[in-house]
Amino acid sequence: MKGKRILIFTVVFTLLILISGSAAATTLYVKEGGGTGAYGSLQEAINAASDGDIVLVGKGVYSENVLVNKSLKISSESSHPKKTVIAPLDPEIPLFHVTSDSVKISGFTLKGANSTYGIYLDGVSGSKISNNYFSENWRSIMLRDSHENTLKNNRLSNSDDGIWLESSEQNIIKDNRATSNRHYGFYLNSSQNNTLKNNCAFGGAVGIYMENSSGCRILNSETSNNFYGIYLLDSGESLLKNNIAKSNAMYGIYLGNSNVSTLKGNRVKSNQWGIYLDSNSNTLQNNKMSCNSRNFGAYTYHYRGEMNNTIDTSNTVDGKPIYYLVGVSNQTLDSSSNAGVVYCINCENITLKDLVLENCSFGIYLYNTQNSLIEGNNISNNEHGIYLGNCSITTLRGNSVNSNEGDAFILSSCRNCFVGENKASNNMAGVWLCDVSTDNLLKENTVTSSSWCCIDLGDASCNNTLEENLLSEAYEGVYLYGASEENTLKNNTITASSYGLYTEGCGNNTISGNNISGNSVGISFNPNWTDGTGSNYNVIYNNYLNNSQNAEDYGTNTWNISKTEGMNIAGGPYLGGNFWASPEGDGFSETAPDEDGDRIADLPYNVTETNYDFLPLVFGKTVKNTETTDGNRCNKTE
């Protein structure tokens with residue numbers, strides 16, 4: 001019986017505590033100008049309040065900076081933010097500086113903190129900021145070292161930044177609208193495992209930006225008419241689902257070194273770039289990219305890895321499926337696949353033919369892929385046409401690659417590849433071999449109207465052969481740079497460019513049998529590479545040169561070989577030097593004497609003050625038919 005009385009007493013005592021705690025919650029009123037039963041400022045009410053109290057603020061304009069160091073609910077009486085305005089007494093102090101947990105602030109317009117924050121959550125948790133309007137602040141809502149808070153249904157506009165998190169985790173940011181902020185709508189730095197849901201960001205520099213903020217979720221949000229839409233950097237293991245990114249000046253969605261992230265069900269439209277992955281081991285499902293200048297791209301600027309992303313054909317570009325093949329062998333994709341863009345990573349024996357690929361970062365991208373064929377494809381209006389990285393024994397033949405912003409063909413660290421019979425026009429550059437690409441053959445390609453160069457060999461790309469290519473209308477027909485040596489350029493036709501062949505820091509190349517005509521400068525050897533390396537020990541012979549200026553040589557190069565039997569480019573019986581013509585028809589080889597008739601000039605040609613062609617070629621002596629007085633014909637040699 002005694003035990004039962006003790007139990008009843010304990011229950012009653014507990015109820016009394018709960019009742020007394022509830023009864024202790026007090027509502028403190030704030031009224032503009034004060035008055036009976038009301039405080040004249042928020043700070044006075046807060047100073048008088050206890051944890052758990054309610055501060056109810058009447059309509060009006062309050063000029064003050066408020067320190068909230070108690071767990072309070074602070075709200076406007078009208079619940080309409082426009083009717084209760086908080087403006088700073090000192091614009092360099094936050095309008096609300098919250099240093100206590102479990103604070104609720106709602107129903108206010110907070111503006112004019114142009115040197116600091118509208119609301120600053122400083123090392124707190126369990127707080128809720130909702131239904132407020134912010135404008136003309138530096139950062140409207142700032143969280144630092146603050147966790148498990150909720151920011152909901154706020155309107156953030158005309159400030160530097162909307163919501164900014166530093167080292168703050170597990171917060172919920174939902175139903176907020178950031179418009180016309182100069183920098184960021186939503187910014188997270190070193191803030192893990194936060195959820196952004198149903199937010200909008202319009203008309204700023206970046207809609208949603210995350211840096212060093214892994215494990216976050218961006219759901220059902222819209223970023224439009226910003227410079228960047230959603231931008232993640234070093235923020236892996238994130239989820240981006242059912243978002244809309246449209247009409248942003250640059251990227252709709254960008255992942256930089258944000259690995260092991262998932263993009264699902266996003267709609268990305270009318271941006272410069274749609275979805276761009278500079279990351280590895282990401283999963284993409286059912287993302288729709290349309291009407292972007294570059295719908296989809298994957299590359300490795302930040303992340304130097306294998307690009308082993310999982311991207312299935314439920315992802316589309318302008319209604320056509322993305323084929324992202326990883327570790328696949330013996331597969332053919334032709335026009336029946338309706339492919340919109342093709343990536344092959346760590347593949348072998350892949351055939352890509354008769355595809356029409358446009359409006360992506362790359363039309364075709366192969367990385368670490370061998371023994372493959374790319375043939376008969378039409379690739380246009382991309383950032384770049386066809387990219388091969390670390391590939392070997394791969395053939396690019398008969399492709400038409402036109403009107404791409406950058407290069408038609410890029411071969412990076414490639415070996416024993418064949419690039420032949422392709423046509424490229426109106427690209428920045430035609431074929432670029434870089435990053436130590438060796439033993440490749442470029443033959444019978446036609447490259448025209450390149451704003452930079454038709455064929456470009458750089459970064460120690462050696463032992464390559466350029467043969468029988470037609471190159472015209474570029475700044476440089478062929479550009480060699482950066483210790484690209486022991487290459488062979490033969491039987492090419494290079495016309496209508498500023499430079500036919502231009503080199504910087506490249507030696508030991510052989511240049512022969514080329515027709516280099518109608519350019520401002522035919523061949524130029526320069527010492528201007530970044531390490532000061534000159535262009536020396538190149539051998540130049542049997543070329544037909546007819547340009548405004550045929551040669552510039554700032555190195556030590558050889559402009560002829562020994563006199564050798566064999567038909568030369570001018571039709572003569574010996575190989576030796578070069579044929580030096582001029583647009584006016586009075587070039588050295590067009591006027592030089594050849595007394596012995598061997599089609600080699602009797603005098604050397606002075607290429608520069610110190611460089612000579614000792615065996616310049618000439619045309620043969622002309623033979624005219626004349627008629628004698630008796631009507632018989634005879635031959636006369638001139």
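These legends describe close-up views of a predicted model.

**View 1. Phe-96 in the largest nonpolar core.** The largest nonpolar core has 93 residues. Within this core, Ile-74, Phe-96 and Phe-296 touch the most other members. Leaving aside residues up to four places away in sequence, Phe-96 touches Leu-42, Val-66, Val-68, Ile-74, Ile-86, Ile-105, Leu-110, Gly-118, Ile-119 and Tyr-120. A second core, separate from this one, holds 55 residues, including Leu-352, Leu-388, Ile-455 and Leu-457. In soluble globular proteins, nonpolar side chains tend to be buried together.

**View 2. The aromatic pair of Phe-96 and Phe-108.** A search of the whole structure finds 39 aromatic pairs. One of them joins Phe-96 and Phe-108, with ring centres 5.9 Å apart and an angle of 50° between the planes, and this pair is tilted. Phe-96 belongs to strand β7 (residues 96-98), while Phe-108 is in the loop between β8 (104-106) and β9 (109-111), so the pair ties together parts that are twelve residues apart in sequence. Phe-96 and Phe-108 are both buried.

**View 3. The stacked rings of Tyr-544 and Phe-579.** The ring centres of Tyr-544 and Phe-579 are 5.3 Å apart. Their planes meet at 15°, so the pair is stacked. Tyr-544 is part of strand β65 (residues 544-546) and Phe-579 is part of strand β69 (residues 579-581), so this pair ties together parts that are 35 residues apart in sequence. Buried means under 20% relative accessible area. Tyr-544 counts as buried because its relative accessibility is 19%. Phe-579 counts as buried as well, because its relative accessibility is 0%.

**View 4. A cluster of aromatic rings.** Ring pairs link a set of Trp, Tyr and Phe residues into a cluster. The tryptophans in the cluster are Trp-164 and Trp-273. The tyrosines are Tyr-184, Tyr-187, Tyr-209, Tyr-228, Tyr-231, Tyr-251, Tyr-254 and Tyr-276. Phe-227 also belongs to the cluster.

**View 5. Charged side chains over aromatic rings.** The charged end of Arg-139 sits over the ring of Trp-138, at 4.1 Å from the ring centre. Elsewhere, Lys-563 lies over the face of Tyr-574, and the distance to the ring centre is 4.5 Å.

**View 6. Strand β48 and its partners, β45 and β51.** Strand β48 covers residues 407-412 and is mostly covered, with six of its six residues buried. Which strands pair with β48? Strand β45 (residues 384-389) pairs with β48 in the parallel sense over four bridges. Strand β51 (residues 429-434) also runs parallel to β48, and five bridges join these two strands. Phe-409 in β48 is the bridge partner of Ile-386. In β51, the bridge partner of Phe-409 is Val-431. In a regular strand the side chains alternate between the two faces of the sheet.

**View 7. Ser-372 and its surroundings.** Ser-372 is in the loop between β42 (362-367) and β43 (373-375). Is Ser-372 buried or exposed? Ser-372 is buried, because its relative accessible area is 5%. Not counting residues up to four places away in sequence, Ser-372 touches Glu-348, Asn-349, Ile-350, Leu-366, Ile-393, Thr-394 and Thr-395. The side chain of Ser-372 reaches the backbone nitrogen of Ile-350 at 3.0 Å. The side chain of Ser-372 also reaches the backbone oxygen of Gln-370, at 2.9 Å. Between Ser-372 and Gly-482 there are 29 Å in space, C-alpha to C-alpha, and these residues are 110 residues apart in sequence.

**View 8. Positive phi at Asp-175 and Asn-491.** Asp-175 is not a glycine, yet its phi is positive, at about 60°. Asp-175 is found in the loop between β17 (172-174) and β18 (177-179). With a relative accessible area of 24%, Asp-175 is partly exposed. Asn-491 is not a glycine either, and its phi is positive at about 60°. The loop that holds Asn-491 is between β58 (488-490) and β59 (493-495). Asn-491 counts as partly exposed, with a relative accessibility of 39%.

Technical notes:
Residues numbered from 1 in each chain as written. Predicted model: local features only at pLDDT ≥ 70, side-chain atom pairs only at ≥ 80, totals over all residues. Heavy atoms only, no water. Core = buried A, V, L, I, M, F, W, Y, C linked by side-chain atoms within 4.5 Å. Buried < 20%, exposed > 50% of the residue type's maximum accessible area, 1.4 Å probe, protein only. Contact = heavy atoms within 4.5 Å. Phe/Tyr/Trp six-rings, centres within 6.5 Å; stacked < 30°, edge-to-face > 60°. Lys NZ or Arg CZ within 6 Å of the ring centre and 35° of its normal. Pairing = 2+ DSSP bridges. Polar contact = N/O pair within 3.5 Å; in protein donor to acceptor, adjacent residues only side chain to side chain.
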